[in-house]
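Consider how this chain is held together, starting from its charged pairs and moving on to its strands and its surface.

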Amino acid sequence: MTDPERPPAVDGQPPQRHMPPPAVHIRQRRFSFVWIIPIIAAVIAIYLGYRTITQQGPLVTITFNNSEGLAVGQTQVKYKWVALGTVESIDLSPDNSHVVVKVRMNSVGVRFLTTHARFWVVRPRLSVTNLSGLDTLVSGAYIGVDPGGPGGRYDTHYTGLEEPPGVRSDEPGSTYVLHADSVGSLSSGSPVFYRDVVVGEVLGYDLGDGIGPVTINIFVRAPFNKLVKSSSHFWDSSGISIGVQGGTLRVQLQSLEAVLAGGVTFDLPADQADAQASANNATFHLYPTEQDAEAAGYQHQISTVAYFQTSVAGVSRGTPVTIFGIQVGYVTDVKFLLDPMTGLAKVRVAMELQPDRVVRSSDFSPGLKPLDVLQRMVDRGLRVDLETSSFITGQKDVALAFEPDAGHAAITHEGDALVLPTASGGATDILTAASQVMTKVSAIPFDQIGANLNKLLVTSNETLGGEQVKNALTALSATLTSVQHLVATTDHGLAPTLHELPALTANLQATLRGTNLAITQLNRGYGNNSDFQRSLGQLMDQADSALRSVKDLADFIDRHPEALLLGRTGRATGGQ
């Protein structure tokens, strides 16, 4: 039999046995834990890359004047301390006028990218009206953002603000527009007051073309914006107000903050508490003082004019107009007028009378006109006069005073204004009379009168002390002694004294002759027609005139003590 496993012989050689292939033993490799860490790292990298790609927002371009405090890869964009993006690059603009900051926003920051959004750099700011950003001293500056109101188009290019916005979109309140002749000390951030409480701030101002009024934008926070009515009045409460009212020096200031940074104050009329609040961006006039704002609140205004031909020193715009010491208006303008043809000079004082200050509209009948009322008052002697309200400063008030003996005068018209007659006398006439009295007093020869009086006294002493007067008085004394002796002897009988009667009679006659002689000499020297009597009469007349002048001067100073401080001041002396 042939072995099936033996191969056949080839070319006479014995056949060879087929050998099976050698067995191969395969060793199985075990998994190494060393690979776990790289695998995890790779997974994390893939995840972070995916997350970065999915959460990465657009690249936003913001331009600023400078890049102070900003750093690439560090400075963030934040809103309420939530990060919205990071600065990727900072570069100069092609014209080198500003810096261009590129910020990579995240997925949350995308919702802020509208045309209403505003960006600014938050850094430390220290001023009278603003103290903010102090936390950035430690954490570093960051870019703040305000999303603005709802709506707006998607945008990625912005111009950054150099100062933080005064009003944020998430702060409730209203903005208003004020028009003023000048800004004064107001600036961005100046406070807005209501009853001494800060309720808002000034956002900024615009000079416009530089010719018209200044536009000032303010913001009033809620709920105080409901207090702004259409009848509200705004005034500049900046600085310190110093003035004289009622003869009293008044110093008024709103607050230290208003003194340093300026401020605006508004009021709410008592009868307008239930009125509807003003709409957003409503327009108001900003008055320079509280008095001007108060004056503008009266509904009835009567324009009047008065002309003076003497000094109006102490009268200026805003000077009160009073009647019986109660203010009924104020002066709006003082202007000097000169007629070159006639040379007549006068001062035009324009006034606004506000009857609402003292009377109510219900006190008058509906058809009664202000002209009729004023004319009736003028018929009773109403005249425009000037009264000194401060003896120290010389400030005056325009007074509507009644003159009992005033003549007839009629109110005339000058455009829309009523021309009121002015007083025909007053302090000017009194001071003029006083000046004349002082002139007369100064003209009295007091030195000559004193010399004459001294001479008169010397002459009187010499006459009364002369020998004739002494002899006459001695003889008269002897005669009186004799008479007394004669009377005394009558008690013992008349007989013993009859022989003494002739001698006594002779002595008495001699005494009488001496006395008559002395009296005659006295009458000759000091009688009615004597030089002494005439000199004495002139002296007494001059002394009486001097005493009357001094008395008139004392009475005038008692009625007008301000003349000692102010001297001769202006007072109305005539009409137009």
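A residue counts as buried under 20% relative accessible area and as exposed over 50%, and the range in between is called partly exposed. The model is predicted, and the terms are applied to its atoms below.

E414 has a relative accessible area of 29%, so this residue is partly exposed. Its side chain takes part in a salt bridge with R348, where the closest N and O atoms are 2.8 Å apart. Because R348 belongs to strand β22 (residues 345–353) and E414 to strand β25 (residues 412–414), the pair ties together parts that are 66 residues apart in sequence. Side chains of opposite charge can pair when their charged atoms come close.

How many salt bridges does a search of the whole structure find? The search finds four. Another of them joins R118 and D146, with 2.8 Å from N to O. This pair also links distant parts of the chain, as R118 sits in strand β5 (residues 118–122) and D146 in strand β8 (residues 142–146), 28 residues apart. The two partners fall into separate classes of accessibility: D146 is at 2% relative accessibility and therefore counts as buried, while R118 has a relative accessible area of 28% and is therefore partly exposed.

A further salt bridge is formed by D170 and K80, with 3.5 Å between the closest N and O atoms. Here the link is between two loops, 90 residues apart: D170 is in the loop between β9 (157–159) and β10 (173–180), and K80 is in the loop between β2 (76–79) and β3 (82–92). With a relative accessible area of 59%, K80 is exposed; D170, at 43%, is partly exposed.

Several of the strands named so far belong to one sheet. Seven strands form this open sheet, in the order β5-β8-β2-β3-β4-β1-β9, and the pairing is mixed. Its edge strands are β5 and β9, each of which pairs on one side only. From one strand to the next, the twist averages 30 degrees. At the β9 edge, strand β1 (residues 56–64) runs parallel to β9 and is joined to it by three bridges. Within this pairing, I62 stands opposite Y158 in β9.

The last feature is on the surface. I36, I40, I44, Y47 and L48 form a nonpolar patch there, with about 450 Å² of accessible area together. One of these residues, L48, is located in helix α1 (residues 36–55). Its relative accessibility is 43%, so L48 counts as partly exposed.

Key:
Residues are numbered from 1 along each chain as its sequence is written. This is a predicted model: local features need pLDDT of at least 70, side-chain atom pairs count only at pLDDT 80 or more; totals for chains, interfaces and linings use all residues. Side-chain values use heavy atoms; hydrogens and water are left out. Patches are made of residues with over 30% relative accessible area and no salt bridge: like charges are joined within 9 Å, nonpolar side chains (Val, Leu, Ile, Met, Phe, Trp, Tyr) within 5 Å. Accessible areas come from the Shrake-Rupley method with a 1.4 Å probe; for residues, only the protein chains shown count as cover. Helices (H or I, at least four residues) and strands (E, at least two) are DSSP runs, numbered from the N terminus. Buried means under 20% relative accessible area, exposed over 50%, partly exposed in between (1.4 Å probe, protein chains only). Two strands pair if DSSP finds at least two bridges between them. Axes are lines fitted to C-alpha atoms, for helices over the stretch in contact, and angles run from 0 to 180 degrees between N-to-C directions.
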